[in-house]
2 protein chains.
Amino acid sequence: MEKRILDLISENKVHEIRHELVEMNIVDIAQVFEEVDKHQLVKLFRILPKDMAAGVFSYVPIELQQHIIEYITDVETKNIVDELFFDDAIDFIEEMPANIVKKVLKNTDENMRKLINQFLNYPEDSAGSIMTIEYVDLKKEMTVRQALEHIKRTGVDKETINTCYIIDANRKLEGVVSIRRLILSDEEKLIGDILNDDMIFIQTTGDQESAAMLFKKYDLLSMPVVDNECRLVGIITVDDIVDIIDQENTEDLHKMAAMQPSEEEYLKTGVFTLARHRIVWLLVLMLSATFTVSIIKKFNDVLESVVILAAFIPMLMNTGGNAGSQSSTLIIRGLALGDISLSDTLKVIWKELRVSIIVGSILALVNFLRIYYLERVDVMVSITVCATMFFTVILAKVVGGLLPIAAKCVKLDPAIMASPMITTIVDAFTLIVYFSMAVWFLGL
Amino acid sequence: MEKRILDLISENKVHEIRHELVEMNIVDIAQVFEEVDKHQLVKLFRILPKDMAAGVFSYVPIELQQHIIEYITDVETKNIVDELFFDDAIDFIEEMPANIVKKVLKNTDENMRKLINQFLNYPEDSAGSIMTIEYVDLKKEMTVRQALEHIKRTGVDKETINTCYIIDANRKLEGVVSIRRLILSDEEKLIGDILNDDMIFIQTTGDQESAAMLFKKYDLLSMPVVDNECRLVGIITVDDIVDIIDQENTEDLHKMAAMQPSEEEYLKTGVFTLARHRIVWLLVLMLSATFTVSIIKKFNDVLESVVILAAFIPMLMNTGGNAGSQSSTLIIRGLALGDISLSDTLKVIWKELRVSIIVGSILALVNFLRIYYLERVDVMVSITVCATMFFTVILAKVVGGLLPIAAKCVKLDPAIMASPMITTIVDAFTLIVYFSMAVWFLGL
């Protein structure tokens with residue numbers, strides 16, 4: 001399909017292109033736009049019927065949005081901004097450089113301008129910043145018939161009519177009613193009698209992650225957003241929540257791999273930006289790791305007399321790091337999903353302690369069989385290595401379980417207490433235990 | 001609220017409890033159930049009005065579902081199963097032991113039993129296994145008015161009426177129409193004239209992850225599921241997709257931390273199960289790491305003559321591991337979100353190569369300043385360490401970027417090519433480079 005459109009474009013068959021495009025899903029059209037040469041983009045965009053143009057616009061990447069706005073007329077700009085859903089318009093304006101924002105604002109009426117400015121002031125990642133204002137509001141005194149007529153008149157501009165919101169004269173939220181309830185109810189009933197007043201809502205300043213949690217917990221399709229006097233100001237829809245869940249997961253993953261989180265796609269991010277996102281943590285962790293240098297230097301005598309000890313250091317540290325990052329990953333994820341809370345700290349430690357004793361024993365045993373029987377390493381060295389293995393695994397798992405919770409306690413993101421951080425901490429401990437054991441078992 | 005209910009329960013005030021419960025959200029009631037003593041659970045469950053009981057039932061954890069079914073009568077069981085949405089019923093039956101499944105199936109009619117059996121046969125993680133059969137189907141020949149009347153008559157048992165599905169006499173899917181479109185359209189129009197035939201659908205055997213991708217891409221609220229003759233057999237709703245996105249993310253995270261993925265909550269998983277999920281990969285990685293033991297042994301002479309070299313091994317390996325896991329995390333996530341595909345392999349390598357040269361140079365330089373100027377390490381040793389650092393970072397990043405893609409090529413989950421695996425591979429390389437450089441620079 002895309003291929004065909006691209007062919008038509010190169011042959012400049014405007015009529016056929018239009019014919020094809022109107023049959024397509026706007027998401028797929030947006031994808032075709034990404035493939036097209038930039039100088040053909042605006043031409044192609046103008047072929048689109050007006051009612052599809054805004055939809056397609058909201059799905060193309062930011063740089064193409066910018067390119068389009070730069071090349072179209074003021075009237076066309078106004079048309080697009082008017083047709084865009086309000087939350088899509090805000091998303092787009094937030095990302096644009098000043099000259100584009102100016103062009104857009106110039107082409108909107110004063111009320112709209114005020115509203116846009118208000119929305120741009122909501123803190124990043126707040127519920128307010130992701131809500132839309134195109135919802136259906138009803139009054140308690142309406143009958144179901146009146147409500148449905150109201151929806152028929154106004155629904156075409158709303159982002160969703162699946163849930164309607166009941167407000168009083170001061171716009172205070174009084175309840176919600178689903179379109180399903182409306183359709184299945186007797187037409188003469190009053191909205192006040194069928195509304196659901198056990199509402200799940202969030203304040204504009206609430207965190208988007210909390211909003212996502214509520215959507216998941218209550219299986220919502222949309223959620224009202226209120227100001228601090230409980231007046232309805234907007235709604236959040238589930239399609240935006242799905243994006244936020246992915247975004248938050250990506251952010252956590254980036255942090256867990258010791259990078260600055262970024263929302264940009266990998267292939268679209270420049271080399272220097274990628275390097276900048278990575279270098280800070282690498283430097284911090286490298287400099288922390290130099291602590292291990294001092295430890296080994298301190299035990300230089302031990303190492304000089306039994307050089308073979310050095311051979312097992314990588315394996316011990318590796319295993320410790322892996323054991324620790326298993327635990328920290330489970331706890332970080334549990335905290336993120338709300339399965340684990342701060343009050344579970346003792347349960348977590350107790351659980352990790354028992355798991356680590358089982359796992360540590362097996363690893364130490366297998367390792368002993370291997371290095372003593374297969375590789376014929378000296379028995380005392382073998383014991384030193386395996387005892388260190390056992391204690392390293394225990395410490396790694398307890399620390400790995402504890403640190404994410406500790407981070408949460410002091411309001412840091414638990415995700416930073418993942419593999420790289422745990423490894424660096426466990427490494428130092430492993431070396432101290434290892435050399436101390438060596439001194440003891442080998443009588444150095 | 002929950003506290004208050006618990007108090008009422010301990011005071012055995014049945015009437016007040018009922019009064020409180022009917023005002024509550026079923027998700028919150030399910031949460032109260034989790035707090036209640038098991039012997040009071042069934043009593044409390046019986047207090048619920050029949051229409052709420054099934055809803056609450058679908059939100060309580062599996063072990064409580066099992067407990068409830070064990071203690072209620074056959075008639076009550078039948079009532080619950082009849083009232084449950086079909087996908088919730090399937091989820092529940094899948095998790096139950098044989099005696100409970102028997103009790104449930106005994107209390108359903110034959111058609112239902114056949115259907116349940118059919119659903120239980122869909123492969124795990126397939127679209128078929130998460131779909132529901134309670135959707136609204138319409139015919140092309142209906143007018144909008146007839147369609148709305150049909151929905152009024154049948155809608156109460158449907159999981160959603162927000163999107164309706166148009167099928168022909170052979171149940172072949174012909175299009176979809178949203179309730180919004182129905183309400184906003186002229187009542188005399190034919191469904192055939194307003195339906196949308198550019199449908200996004202999936203086959204029963206399709207992967208649930210692919211279904212989730214389509215939901216995200218097209219911002220869907222529900223999606224039809226068809227058999228291999230394109231006959232409509234069910235629909236998937238977005239609330240289940242939200243759970244699947246979280247599930248898939250958790251699975252990826254577990255794999256990335258070298259664990260067997262599990263859907264169970266951490267606190268509800270037994271110590272032995274946790275240990276079992278962790279030990280296999282730890283053993284594999286530990287045994288792979290013994291490769292490093294042989295390398296160090298091979299370079300024993302080098303190490304014996306310059307013992308100080310051992311001091312830098314942990315720091316080098318650590319930094320290599322961190323650099324590699326940054327890259328692998330970005331690529332694994334990019335592949336999972338569909339931002340990166342196999343055809344981008346060369347772009348990824350080229351990008352990682354450039355990023356790693358920048359990052360590697362900075363790390364090597366900082367490290368040199370620190371160990372040569374601050375710690376006054378011998379200049380040739382310092383050069384050896386820093387040159388190794390530079391090459392390790394480059395290799396780590398290129399391997400970290402490449403292996404997840406390679407895994408995808410051979411149909412393995414890219415997530416296993418995360419930090420632990422990369423670290424193990426990079427460690428061996430680091431040691432070889434390190435000692436070879438030492439031989440060269442130090443003239444050993």
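Which residues does B:His277 touch, not counting residues up to four places away in sequence? They are B:Met259, B:Gln260 and B:Ser262. Keep in mind as you look around that this is a predicted model. Two chains meet here, with 94 residues of chain A in contact with 94 residues of chain B, and a rotation of 180 degrees superposes one chain on the other. The points below start with that pairing and then move to the cores, the sheet and two individual residues.

**How the two chains meet**

- Chain A superposes on chain B with an RMSD of 0.1 Å after a rotation of 180 degrees, and the shift along the axis is 0.0 Å.
- That is the relation of a two-fold axis.
- The copies meet through the same surface, because 100% of the interface residues of chain A are also interface residues in chain B.
- Contact between the chains involves 94 residues on chain A and 94 residues on chain B.
- On the side of chain A that touches chain B, 53 residues are nonpolar, 20 are polar and 21 are charged.

**Nonpolar cores**

- The largest nonpolar core has 127 residues, and A:Ile422 and B:Ile422 are the ones with the most contacts inside it.
- Another core, of 75 residues, lies apart from it; A:Ala147, B:Val176, B:Leu182 and B:Ile191 are among its members.
- If you centre your view on B:Ile422, you will find that residues beyond four places away in sequence that touch it include B:Gly321, B:Gly324, B:Ser325 and B:Ser328.
- Also touching B:Ile422 are B:Ala396, B:Val399, B:Gly400, B:Leu403 and B:Met417.

**The sheet in chain B**

- In chain B, 3 strands form an open sheet in the order 4-5-6, with mixed pairing.
- Its edge strands are strand 4 (202–203) and strand 6 (232–237) of chain B, each of which pairs on one side only.
- Strand 4 of chain B pairs with strand 5 (residues 222–226) of chain B in the parallel sense, over 2 bridges.
- Opposite B:Gln203 stands B:Val226, in strand 5 of chain B.
- Helix 16 (residues 238–256) of chain B lies across strand 5 and strand 6 of chain B, and runs at about 65 degrees to strand 6 of chain B.

**Strands 5 and 6 in chain A**

- Strand 5 (residues 222–226) of chain A and strand 6 of chain A run antiparallel and are joined by 5 bridges.
- A:Met223 has A:Ile236, in strand 6 of chain A, as its bridge partner.
- The hairpin of these strands of chain A has 5 residues between them, and A:Cys230 takes a positive phi near 65 degrees there.
- Strand 6 (residues 232–237) of chain A is mostly covered, with 6 of its 6 residues buried.

**A closer look at two residues**

- B:His277 sits in helix 17 (residues 271–298) of chain B.
- With 20 other C-beta atoms within 10 Å, B:His277 is buried, because a residue counts as buried from 20 such atoms upward.
- B:His277 and B:Gln146 are 131 residues apart along the chain, and their C-alpha atoms are separated by 56 Å.
- A:Ser356 belongs to helix 20 (residues 345–374) of chain A.
- A:Ser356 is also buried, with 30 other C-beta atoms within 10 Å.
- Leaving aside neighbours within four places in sequence, A:Ser356 is in contact with A:Val393, A:Ile394, A:Lys397 and A:Val398.
- From A:Ser356 to A:Leu395 the C-alpha to C-alpha distance is 8.2 Å, although the two are 39 residues apart in sequence.

Terms used
Residues numbered from 1 in each chain as written. Chains lettered and ligands numbered in written order. Predicted model: local features only at pLDDT ≥ 70, side-chain atom pairs only at ≥ 80, totals over all residues. Contact = placed C-beta atoms within 7 Å. Nonpolar A, V, L, I, M, F, W, Y, C, P; charged D, E, K, R; others polar. Helix = DSSP H or I, 4+ residues; strand = E, 2+ residues; numbered from the N terminus. Buried ≥ 20, exposed ≤ 12 C-beta atoms within 10 Å, placed from the backbone. Core = buried A, V, L, I, M, F, W, Y, C linked by C-beta atoms within 7 Å. Least-squares fit on C-alpha atoms with pLDDT ≥ 70 in both. Pairing = 2+ DSSP bridges. Axes fitted to C-alpha atoms, helices over the stretch in contact; angles between N-to-C directions.
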